Amino acid sequence: MERITSRQNPLVQQIRKLNNSRSHRRTEGLFVGEGPKLFAEALGAGMDIGVVVAAEGVRPDCPPAIRQVEVPEDLLKSLSTTETPQGVLFLCRMPDLTPPDKLTGGRYLVLDGLQDPGNLGTIWRTADAFGADGLLLVNSCADPFSPKTVRATMGAAFRLPAWECGLGEAKALLDAAGIPLYATALRDDTLDVRKAELSRAAVVIGSEGRGISREALALCAGTVKIPMRERCESLNAAVAAGVVLWEMKRSEM
């Protein structure tokens, strides 16, 4: 195993830049994953992993074709984005975020300006668990491959596609596939989410601060609401997405 001790080493500096800069991640086409479980998930999903960096004494189960680097524990800690480092970091090739020419599934979420990476990662993980076919990220969502987002997906980022596109492009793709678009919002046509036909549908989840944009709402064929106490105005975006995804899944059970 290769050993690095200098904080000025090019690999060390590259990891710092990838952790801190969305633009650098896009330029390099790489992102950083952290932890042995996430590393195992990435391997199992066949992700393109170039380098594994481990603390002294940590020996991740790693194919020989992947570059393996050992660093002092304090150096690894300085590269970690968590309060409690797990002893393993890895550099991974970023999947293509460009949507396909045609959507082949039947259940999607459209995330409209979602800014919190933890919420994005949690929604991604839940969408994978409940059998969604992908996420469409519109109106400048959080970076799907920031360290916090990737960590929150718990491996779903390696299995379920997420694409960045314009709102009009997302609508055109859904229309071409015959998939109706709904929103979690209140207006005259709003249905209780338990009564809506969501077995083949896409649903817009709005941002934490402003909700669903007027532009997105105008494109929706209908809206759904999640029943709750009148004294409560709204749910966290990830929780709302979880309820919607469950209702999408429940139709086939």
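1. Start with the lining of the largest pocket: β11 (201-206), β12 (222-225) and α9 (237-250) each supply at least two residues to it. Helices (H or I, at least four residues) and strands (E, at least two) are DSSP runs, numbered from the N terminus. A pocket here is an open set of points on a 1 Å grid over the protein atoms alone, where a 1.4 Å probe fits, with protein on both sides within 12 Å along at least five of seven lines; lining residues have an atom within 4 Å of a point.

2. Keep in mind that this is a predicted model, where local features need pLDDT of at least 70 and side-chain atom pairs count only at pLDDT 80 or more, while totals for chains, interfaces and linings use all residues. Residues are numbered from 1 along each chain as its sequence is written, and side-chain values use heavy atoms, without hydrogens and water.

3. Now the 7-strand open sheet: its order is β8-β7-β6-β11-β9-β12-β10, with parallel pairing. Strands pair if DSSP finds at least two bridges between them. At the edges, β8 (162-164) and β10 (191-192) each have a single partner strand, so one side of each lacks a neighbour in the sheet.

4. Look inside that sheet too. β9 (residues 181-184) pairs with β12 in the parallel sense over 3 bridges, and Ala-183 sits opposite Thr-223 in β12.

5. There's also an open sheet of 5 strands, ordered β1-β4-β3-β5-β2, with mixed pairing. Its edges are β1 (2-3) and β2 (30-34), each with a single partner strand, so one side of each has no neighbour in the sheet. Arg-3 stands opposite Glu-70 in β4.
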